[in-house]
Amino acid sequence: MGDPRKLTKKYEIPKRIWDTERITEEGELKKEYGLKNTRELWIARKVLRKIRREGRRLLSLGGRGQEEAKELLASTVRLGFAKPGTTLDGLLALNMRDILERRLQTRVTKLGLAKTMPQSRQLITHGFIAINGRKFSAPSYTVPISEELGIVLYKPIDLSTPEPKAREAKRHGSTADQLAPKAPPVDAGVAA
């Protein structure tokens, strides 16, 4: 049987863990993209570093790495990180937002299937989102350009919010008419 294989980490911890500038920047990105924790951001950063590192290596090779450069450019365009016609220099200009924009959670919100990022994350994890008929439950899935138009609701769900009085009535087991304010009784014997 042997020992279980040791998996490598998908992220790298920053060298300066208490850098205020980095922490505030990461906090803003977490809020904007609805990330659960900072580790998800670090995973995206590692993907970005890998693309940039490979781009720098291929630039240093000059004409010898043409095939590898074409493959790297094709894969980044296929995943939607870069636009068609991008050069190796363009890959070095990629940033975190380019990577985070391709997450399934972000795509669901941008397509209008969810109103907010947290709602999008909840829909995905609860099995309401499918790509080309296949249910996905990972909000961090990187959606290739070819699959983007296949993102749909897997099963129907009503995302509308009920009126506040209707919610109260539902909670207390009464109808909305019973909760409406009533006019004080008018005494018929008193003439004005």
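Buried, as used here, means under 20% relative accessible area, exposed means over 50%, and partly exposed is in between (1.4 Å probe, protein chains only). By that yardstick arginine 107 is buried, with a relative accessible area of 11%.

This is a predicted model, so local features need pLDDT of at least 70 and side-chain atom pairs count only at pLDDT 80 or more, while totals for chains, interfaces and linings use all residues. Residues are numbered from 1 along each chain as its sequence is written, and side-chain values use heavy atoms, with hydrogens and water left out.

**Overall layout**

The protein has 9 helices and 3 strands; these are DSSP runs (helices H or I, at least four residues; strands E, at least two), numbered from the N terminus. Of its 192 residues, 30% are buried.

**The cores**

A nonpolar core here is a set of buried Ala, Val, Leu, Ile, Met, Phe, Trp, Tyr and Cys residues joined through side-chain atoms within 4.5 Å. The largest one has 20 residues, and Leu88, Leu91 and Leu100 touch the most other members. Helices H1 (20-33), H2 (38-61), H3 (66-79), H4 (88-92) and H5 (96-100) each give two or more residues to this core, with H2 giving the most, 5 residues. Setting aside neighbours within four places in sequence, leucine 88 is in contact (heavy atoms within 4.5 Å) with Gly55, Leu58, Leu59, Ala69, Leu72 and Leu73. Another core, of 11 residues, lies apart from that one, and includes Ile124, Phe128, Ile131 and Ile151.

**Salt bridges**

A salt bridge is a side-chain nitrogen of Lys or Arg within 4 Å of a carboxyl oxygen of Asp or Glu. The whole structure has 12 of them, and here are three.

| Pair | Closest N to O |
|---|---|
| Glutamate 40 and arginine 121 | 2.8 Å |
| Arginine 57 and glutamate 68 | 2.5 Å |
| Arginine 107 and glutamate 101 | 3.2 Å |

Start with glutamate 40 and arginine 121, which meet in a salt bridge. This pair links distant parts of the chain, with glutamate 40 in helix H2 and arginine 121 in helix H7 (residues 117-125), 81 residues apart. Both residues, glutamate 40 and arginine 121, are buried.

Now take arginine 57 and its salt-bridge partner glutamate 68. Arginine 57 sits in helix H2 and glutamate 68 in helix H3, so the pair ties together parts that are 11 residues apart in sequence. Arginine 57 is partly exposed at 35% relative accessibility, and glutamate 68 is partly exposed at 37%.

Finally, back to arginine 107, whose salt bridge is with glutamate 101. Salt bridges that share partners join Glu101, Arg102, Arg107, Lys110 and Glu148 into one network.
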